[in-house]
2 protein chains.
Amino acid sequence: MKSIGILGFGVVGSGVAEVIAMNTEKIAKHMGEEVRVKRILDLRDFPDSPFNNLVTHDSEEFFNDSEISIVVETIGGARVAYEFTKRALSMGKSVVTSNKELVSTHGVELMQLAEDNNCSYLFEAAVGGGIPIIRPLHRCLAANQILKIAGIVNGTTNFILTKMRDEGLSYDDALKQAQANGYAEQNPTADVEGIDAQRKLSILSSIALSGQYVSPDSIHTEGISKLTLDDINFAESINASVKLIAYFSHPEGGVPAVFVAPHVVSKSSLIASVDGVFNAIMVEGNALGESMFYGQGAGKLATASAVVADVLDAGLHLHKDVHITKWYNTDSKVTLDYEDVVVSILVKGDADAVSSTLVSYETSKLADNAVVVKGIAHKDIDAKLPSGATWLHYLG
Amino acid sequence: MKSIGILGFGVVGSGVAEVIAMNTEKIAKHMGEEVRVKRILDLRDFPDSPFNNLVTHDSEEFFNDSEISIVVETIGGARVAYEFTKRALSMGKSVVTSNKELVSTHGVELMQLAEDNNCSYLFEAAVGGGIPIIRPLHRCLAANQILKIAGIVNGTTNFILTKMRDEGLSYDDALKQAQANGYAEQNPTADVEGIDAQRKLSILSSIALSGQYVSPDSIHTEGISKLTLDDINFAESINASVKLIAYFSHPEGGVPAVFVAPHVVSKSSLIASVDGVFNAIMVEGNALGESMFYGQGAGKLATASAVVADVLDAGLHLHKDVHITKWYNTDSKVTLDYEDVVVSILVKGDADAVSSTLVSYETSKLADNAVVVKGIAHKDIDAKLPSGATWLHYLG
């Protein structure tokens, strides 16, 4: 019998208890013994939950329970969760989390702490919810140099953009629907301004660079709150969709570029068909070519099932650091300044005027008022476009 | 320095040497030391290959090289490859392969042999080429019961079906194009009759059932050679595409069903948009919901990169069985007889006549001559359809 403790009994934390209850047999078969939730630490009580008898408010009781060898951290944020994670790892208890904020800000330190204490810090659920992406990217693509990642990693914004397109809603109205459906919080900033995507991109980029840490604050980030229905309709008119893309690019021999921004995505790309709250992450390896991972990027049970998979991995290798990825800081700058990043853009404006102004770039006309310009540095865009023309990032 | 040996220097085997050469640094970083190809066993010489100096024709020299701790088996088939794999595993050398025929027919025995000799038998590349699917299915979805798998796992047939649809070619002409492009062999039977897909489904199903072995010969299999351009066009007319689907279904508390057959796939499903030689595998877990893995299902470097990822996993855990999945035989029948499998079908025929004949089933009319019938046992289909009506499997 392996005993686990859960820190924070919110959506994902309670989902972990539910998944273990619903798939007890399968989980026991995988682990070779039963897995049980022994204690749950939360400030609240949960009288309606079948797991309420496991809840304690006393962190000493929780951490001093020597039977608990694996701690699930589903508090969120980077304050209490940070302190508790350090405490557990320092005691040699493996920690499993879905907390993208904590991993992306303190991952380097926490992974080292795990290694120093012969335990694991695992976070498959931090990106893409239940979609397997952390292990596949690190382990299955280990023989590839990762050239590109383009991910729809935030379901809230994808839901809003899908609603705008399908129902002709304004951004504000679509946001209200997302809030009414429980897909957006009352304060939606972290989602709609791209901060959630930024954190996830920090994690993906650090793995893609074999552990060279890319901090969230080094990632230029634009959200979707300035997009208009006109933008959405313009994309549709050229057989494309607007998606918030977490973008990583690392040409062989070049410097990596990372940013989060809305992109017009051609429908020739599978990722343009990923709608609603679904997530998808396209990864290009220099040997593999393009691959894509698709599924529910959030949701209680989906995310919880990824947490439990990590619990199993940690449990099968107790008192050992089974890190999926190990990060380190470098003194030098890891990624390009955003203004130096070379991008493809879709320009809205008189196509012939744009093409003749930008003769030194590769351009392709999609419609009388739509041209794709390839290989332009971000800092040059506004200076070089004819007046009146506007633009968005483009993914072909 | 870790030394590997390659058995069989064909497309994938030579790709393995190429991937190790092109990504030496990344691979060394992952492994913590350099990985080199020390010897290649093949009956042929390769005067134009930069690796020709490593080729030996002498199997004694190959197997007696005590520096070789990991053997890549890329011979194919289940005869010589079987003998050599047993020989290597018996000596405690881990074996990595892309050989779906060998894994699907002798996997149970070879995995046991690996365990008995403290080494690994790994085969990420056997399904989906370079697409990570074996590890994600077993490890990342470990906390899920796998309810359904629907996979496009054969690029040759998907290329043929895409050509028929896009260029209005007959099956024979599309097959000729596939052969001209190197996507189909001169004897295309294993691909077009679904045998390759059957082997891959055997592997996926055995993993989905936590190791309960599903043999290829227990899987009802139909290929694409009987499909006509009319079938393809009919599917298009109702906004769907014809795909060869490897199908696994395991309702909670029920008996698993497995079969390979052409399906009409609604374009509301992402898998319908997977064209050409690409593969995609949709997996539904009871906690995760639907996820999908997409990419190049074949191709020299793509497949080789998955082989090398397994080499790294084996190399990081030498003298230990790091099996991704461990299979076992059961005395009882694992899956339903095909005639008892309950399916959804698309019926071509007068929609009202079909609906009124099949009143006891859930039907939905898609067009005057097209009805979807859900939940019908295979054995009942032909008996119950009105005369003149024809049908294909349907995936909604």
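# Two chains around an axis

Visitor: Which residue of chain A comes closest to the rotation axis?

Guide: In this predicted model, A:Phe293 is the residue of chain A that comes closest to the rotation axis, with its C-alpha at 2.5 Å.

Visitor: What turn and what shift lay chain A on chain B?

Guide: A turn of 180° and a shift of 0.0 Å along the axis lay chain A on chain B, and the RMSD is then 0.0 Å. That is the relation of a two-fold axis. The same surface serves both copies, since 100% of the contact residues of chain A recur in chain B.

Visitor: OK, and how many residues are in contact?

Guide: On the side of chain A there are 48 residues in contact with chain B, and they meet 48 residues of chain B. The area buried between the two chains is about 4000 Å², and carbon and sulfur atoms give 60% of that area.

Visitor: Which parts of chain A supply the side that touches chain B?

Guide: Helix 1 (11–22), helix 2 (24–31), helix 6 (134–140), strand 12 (289–296) and helix 12 (300–316) of chain A each supply at least two residues of that side. Strand 12 of chain A gives the most, with 8 residues.

Visitor: And how do the residues on that side divide into nonpolar, polar and charged?

Guide: The side of chain A that touches chain B has 27 nonpolar, 14 polar and 7 charged residues.

Visitor: With charged residues there, how many salt bridges does the rule find across the interface?

Guide: The rule finds 0 salt bridges across the interface of chain A and chain B. For polar contact, on the other hand, the count between the two chains is 18 residue pairs, taking pairs in which both residues have pLDDT 80 or more.

Visitor: Back to strand 12 of chain A: which strand of chain B is it joined to, and do they run parallel or antiparallel?

Guide: Strand 12 of chain A is joined by 5 bridges to strand 12 of chain B, residues 289–296, and the two run antiparallel. Within this pairing, A:Tyr294 stands opposite B:Met292. A:Phe293, the residue of chain A that comes closest to the rotation axis, lies in strand 12 of chain A, which spans 289–296.

Visitor: New topic. What is the order of the strands in the open sheet of chain A?

Guide: The open sheet of chain A has 6 strands in the order 3-2-1-4-5-6, with parallel pairing. Strand 3 (55–56) and strand 6 (121–122) of chain A stand at the edges, each with a single partner strand, so one side of each is left without a neighbour in the sheet.

Visitor: How many bridges are there between strand 4 and strand 5 of chain A?

Guide: Strand 4 (residues 68–73) and strand 5 (residues 94–97) of chain A pair in the parallel sense over 4 bridges, and A:Ile70 stands opposite A:Ser94 in strand 5.

Visitor: What about chain B, what order do the strands take there?

Guide: In chain B, 6 strands form an open sheet in the order 3-2-1-4-5-6, and the pairing is parallel. Strand 1 (residues 2–7) and strand 4 (residues 68–73) of chain B pair over 5 bridges, with B:Ile6 opposite B:Val72.

Visitor: And which strands pair with strand 16 of chain B?

Guide: Among them are strand 10 (residues 257–266) of chain B, which pairs with strand 16 (residues 390–395) in the parallel sense over 3 bridges, and strand 13 (residues 342–348) of chain B, which runs antiparallel to strand 16 and is joined to it by 4 bridges. B:Val265 stands opposite B:Leu395, while B:Lys348 stands opposite B:Thr390.

Key:
Residues numbered from 1 in each chain as written. Chains lettered and ligands numbered in written order. Predicted model: local features only at pLDDT ≥ 70, side-chain atom pairs only at ≥ 80, totals over all residues. Heavy atoms only, no water. Contact = heavy atoms within 4.5 Å. Buried area = accessible area lost by both parts, 1.4 Å probe. Salt bridge = Lys/Arg side-chain N within 4 Å of Asp/Glu carboxyl O. Polar contact = N/O pair within 3.5 Å; in protein donor to acceptor, adjacent residues only side chain to side chain. Nonpolar A, V, L, I, M, F, W, Y, C, P; charged D, E, K, R; others polar. Pairing = 2+ DSSP bridges. Least-squares fit on C-alpha atoms with pLDDT ≥ 70 in both.
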